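Student: I have a protein chain open on my screen and would like to understand how its parts pack together. Could we go through it step by step?

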Amino acid sequence: MFCRVIDNYGDIGVCWRLARQLCGEYGQQVTLWVDDLVAFGHIARVVADADEQVLEGVRVCHWRPDARPADTSDIVIEAFGCELPDSQQVAMRTRTTAPVWLNLEYLSAEDWVASCHGLASPQGGGLNKYFFFPGFAAGTGGVLAERSQLAARATWQTRDRTSWLAGLGVKQPDALTISLFGYENDAITRLIEQLCGSGELINVLVPVGRVLPQVASAIGQGVLTPGQHVQRDALNIYVVPMLPQADYDHMLWSSDLNFVRGEDSFVRAQHAMHPFVWHIYPQDDAAHETKLLAFVDQYTLGWPEEDAKALRAFWLAWNRGDLAPGQWAALRALLPQWQLRARAWSAHLDSLGNLAGNLVKFAKTKLK
Ligand code: TRH
């Protein structure tokens, strides 16, 4: 598997999760080539600065500019069109039987995805590159979901939430709890104002990162650092250090509402079976809004029209960086019913099969 980190943690986040699962749950021997061990270190903690190392059974190789990978595996996954190096392509062409070359695409809920999933693009020399599209509908590759994590989620109890939050220093774990992960967003000030103005006892867990400076300025605090707790009226803000991926799931499971972003945390929030707000990765030509709305349409299918409208309005406002007065109150009112619907959505995702399993199944049909 080849992964180039474009920015942030999503590229390696998705690849690391998939690599671990293919190895741990599908018995595959996996080599992960990644060009940025520093970004990787943020989500996996133990990543040595080495050309090669084994992590949780996965052989991890540093894809330096001067590296010449030439793996002769049965399956080669090019993540997010990262372009396989020439040395690797030569190795694939000279193999006696052609390997299965998959381009793992970005996740999207748009209608065209199912019709493009699995299509082959001839690459010469008897090689085909297959487009493997994750998705939310039948006929797509589904989304990542480790069986082990789903099982752990199913047994997560209120007492687990209480002790996990207590471990972070949260003083009132029974209060409405929100996790706030996202990109820089001018709507943060409005959100904090509206949360404070609601008078409700609320915990906000803020992972260190891109939103933190705006949270700090919204509460009139110079800087915020991991481990810090600040109270404003009934609002309690806790700054959380960057957690390993598995522990980040605990944060999502322990919160009543999760603000997430990008691709991987967006999917994890859906498995967490709680309401969530998605800050989609912004694109210059506003193409992301089409993707955002495509997901909203699928996600709210069958919801009462008023509820779907309120969710759509909040998500759009959040992504445009501008919350109108009363929007928090409207979203808050949705939470109890939404909670039940979030469970049903997660069951729908399960019914599609998980991405790693679907990928193995697909590859087996192409292996000659
Ligand atoms: O970090 P992201 O914004 O990632 C990406 C990239 O920008 C990428 O280029 C883009 O293509 C893609 O989004 C759509 O958001 P994402 O995908 O949610 O990845 C964050 C990862 O960080 C995810 O695997 C969860 C992990 N994480 C932790 O492991 N611990 C933490 O404490 C937190 C907050 C996140």
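Tutor: Happy to; what follows is a set of questions and answers about this predicted model.

Student: Which helix gives the most to the largest nonpolar core?

Tutor: Start with the core itself, which has 74 residues. Phe295, Trp315 and Trp338 have the most contacts inside this core. The helix that gives the most, with eight residues, spans 327-351 and is α13.

Student: Which residues does Trp315 touch, leaving aside those up to four places away in sequence?

Tutor: Here a touch is a pair of heavy atoms within 4.5 Å. With the sequence neighbours set aside, the partners of Trp315 are Phe276, Val277, Trp278, Leu292, Phe295, Val296 and Trp338.

Student: How many residues are in the second core?

Tutor: This core is separate from the one above, and Leu22, Val58, Val100 and Ala363 are among its members. Its total is 38 residues.

Student: What covers the buried residues of α14?

Tutor: Helix α14 runs over residues 355-366. Its buried residues are Leu355, Ala356, Gly357, Asn358, Leu359, Val360, Phe362 and Ala363. The elements covering them include α1, β5, β6 and β8.

Student: At roughly what angle do α6 and α9 cross?

Tutor: Look first at who meets whom: Arg161, Trp164 and Leu165 in α6 meet Asp247, His250, Met251 and Ser254 in α9. By class, that contact has three nonpolar, two polar and two charged residues. The crossing is left-handed. The two axes come within 10 Å, and the angle between them is roughly 115°.

How values were computed:
Residues numbered from 1 in each chain as written. Predicted model: local features only at pLDDT ≥ 70, side-chain atom pairs only at ≥ 80, totals over all residues. Heavy atoms only, no water. Axes fitted to C-alpha atoms, helices over the stretch in contact; angles between N-to-C directions. Helix = DSSP H or I, 4+ residues; strand = E, 2+ residues; numbered from the N terminus. Left-handed = near helix turned anticlockwise from the far one by under 90°. Nonpolar A, V, L, I, M, F, W, Y, C, P; charged D, E, K, R; others polar. Core = buried A, V, L, I, M, F, W, Y, C linked by side-chain atoms within 4.5 Å. Buried < 20%, exposed > 50% of the residue type's maximum accessible area, 1.4 Å probe, protein only. Expected span 1.5 Å × (residues − 1).
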